[in-house]
Amino acid sequence: DTSYRLTEVGGGVGGQVRVMQGYQPIASAAPKAESRRDVGRIELSAVNGMRFFATFSLVCGRAIENLWIDKGEEGRLFSHTICSGLHTLGKDVVSFYFILSGFTMCWGYLGRDFNTDEVRWRYWTRRFARFYPDFFLSTVITFLLKLPYFFGCHNVGWQSWASNGTSLLLFTAWYRFVPGSGYVNGPVWFIVTLFWLWVFFPYLLKPVKTVFAKCSWGDFLMKLGLLWLVSLLPWAIIDKTNLQALRWGLRCFPVLRIPEFVIGMAIAIRVNKDKQEMDEMESKGEQPRCRPGVVAGVGPIIALILAGSYYLWKLSIWPDDCACLPGDMGESFYHCFGWWEKFDTKFVPISALMIFSVTTLDVAAHRNDGQPTYDAAVPRVGQVGACIWWCLCLEPFVTLGKWGLPIFLWQSATSLITQVLLIDLGWGLETRCAGHGLKFSFEYAGFYWGFHVFMAYFVAWLMNDDGLIGSLIHNAVKKITPA
């Protein structure tokens, strides 16, 4: 079927399952004609809504971390209490994104195989072209802006130049254990690690299908539990003496993130199988033996209650002598966060429950190959589940949920520019550099945080695929990307 158009996937960060116009596969690589009931062709709007809330929590966390320059007590609720909670939440949301990326990649390619080098290279080329221009520009511009010649507060040594220069080659994730090998554009560490998972994906798809395609529910949960335990093992070697040396290296190392990625892929296979079984049994007028909708209808609520209770508890016990960003020194980390916070994948079951539930709600709302509707979802997931699906599909949640990639890539530069803008406008800020004893009022601390969040989304609006600047970049790249 040479008229088939390539299904391109956003990879869990800011994309969506969609069809890219103008890309025609060669005949030898074209997949078999897909049935109209292939759920991989469904656009999952509720997933984009869920992605918005996950991204928004990270945006708020990164924005409020900029309040470290406030040395006063009036804004302490923002700069200390809320900041510590969002900082704790951030690690778990990153793990959530690795799982979600595995889901979205597998969901978009369920009906495809990567059996030849030609097919794999076409996939890698498009994936590289999809994100690298934004990654390159954001890394270079952020580094330049942080130099003292522009808006930086201090000189950087040759090690910083070398580290950030070599990071453009996308190999930093493999040697992040080396001191001084970090990123000036901090959030891109996640994108670089995720890039390597995209590289592994063609080799993971067939084995994951083999292991999970014919699982019963009991076997499926047991295998997910085993993967979760595997994901926890690397963090167990951390103690107070080696935390500073190992934690970021483990966090960035791509191989150690494979279990989370595979869990997401397994969920995609499970949701696909559940949908096919429900369709088949309902077409016969039978009641499905296992109703995933029973879980999906209340799964998001259960996940939010569990996670919310934990973070509220963490806020209540956060030591008064701990700053929002206590750092990775062993003693201070254990004192402020607790030893269990060294496990970045501790909340994998909650993330998996949320992703399974929301994606099941999405496919349940699609019946008879028509447009997704609330009425279609009610018989399968109940009124509570249908209401959750409807809320997640509201605008602007769906649209903003697609902006995750530009937000992650540009928020560091945006925060710096926002501080400079506040200084130039005379809006309560005289300097952005530390050591000046800045003291904010409660109202200004709240405004300062909110303005950073607003600016992050404003720049993402400019830089997303359809934005004023982003569209120019991606249209130029599309012209030189092999068909």
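**Why these labels?**

Trainee: Why is Val384 called partly exposed in this predicted model?

Mentor: Its relative accessible area is 45%. Buried needs under 20% and exposed needs over 50%, so a value in between gets the label partly exposed. Val384 sits in helix 13, residues 374–392.

Trainee: And what makes Val384 part of a nonpolar patch on the surface?

Mentor: A patch residue needs over 30% relative accessible area, and Val384 has 45%, so that requirement is met. Its partners are Val298, Ile301, Ile302, Ile305 and Leu306, and the patch has about 480 Å² of accessible area together. Helix 10 (residues 299–317) gives the largest share, four residues.

Trainee: Why is Val398 called buried?

Mentor: Val398 has a relative accessible area of 7%. The cut-off is under 20%, so Val398 counts as buried. You'll find it in helix 14, residues 397–401.

Trainee: How do you know that Val398 and Gly49 are far apart in sequence but not in space?

Mentor: They're 349 residues apart along the chain, yet their C-alpha atoms are 4.6 Å apart.

Trainee: Let's do the second largest pocket. Which residues are the closest to its centre?

Mentor: The pocket holds about 690 Å³ of space. Of its 25 lining residues, Met50, Phe53, Ala54, Leu304 and Met354 are the closest to the centre. Helix 10 turns up here too, with the largest share of the lining at seven residues.

Trainee: What is the lining made of, by class?

Mentor: There are 21 nonpolar residues, three polar and one charged.

Conventions
Residues are numbered from 1 along each chain as its sequence is written. This is a predicted model: local features need pLDDT of at least 70, side-chain atom pairs count only at pLDDT 80 or more; totals for chains, interfaces and linings use all residues. Side-chain values use heavy atoms; hydrogens and water are left out. Patches are made of residues with over 30% relative accessible area and no salt bridge: like charges are joined within 9 Å, nonpolar side chains (Val, Leu, Ile, Met, Phe, Trp, Tyr) within 5 Å. Accessible areas come from the Shrake-Rupley method with a 1.4 Å probe; for residues, only the protein chains shown count as cover. A salt bridge is a side-chain nitrogen of Lys or Arg within 4 Å of a carboxyl oxygen of Asp or Glu. Helices (H or I, at least four residues) and strands (E, at least two) are DSSP runs, numbered from the N terminus. Buried means under 20% relative accessible area, exposed over 50%, partly exposed in between (1.4 Å probe, protein chains only). On a 1 Å grid over the protein atoms alone, a cavity is a set of points where a 1.4 Å probe fits but cannot get out, and a pocket is an open set with protein on both sides within 12 Å along at least five of seven lines; lining residues have an atom within 4 Å of a point. Grid points are joined across faces, edges and corners, and a volume is the space filled by probe spheres set on the points. Ala, Val, Leu, Ile, Met, Phe, Trp, Tyr, Cys and Pro count as nonpolar, Asp, Glu, Lys and Arg as charged, and the others, Gly among them, as polar.
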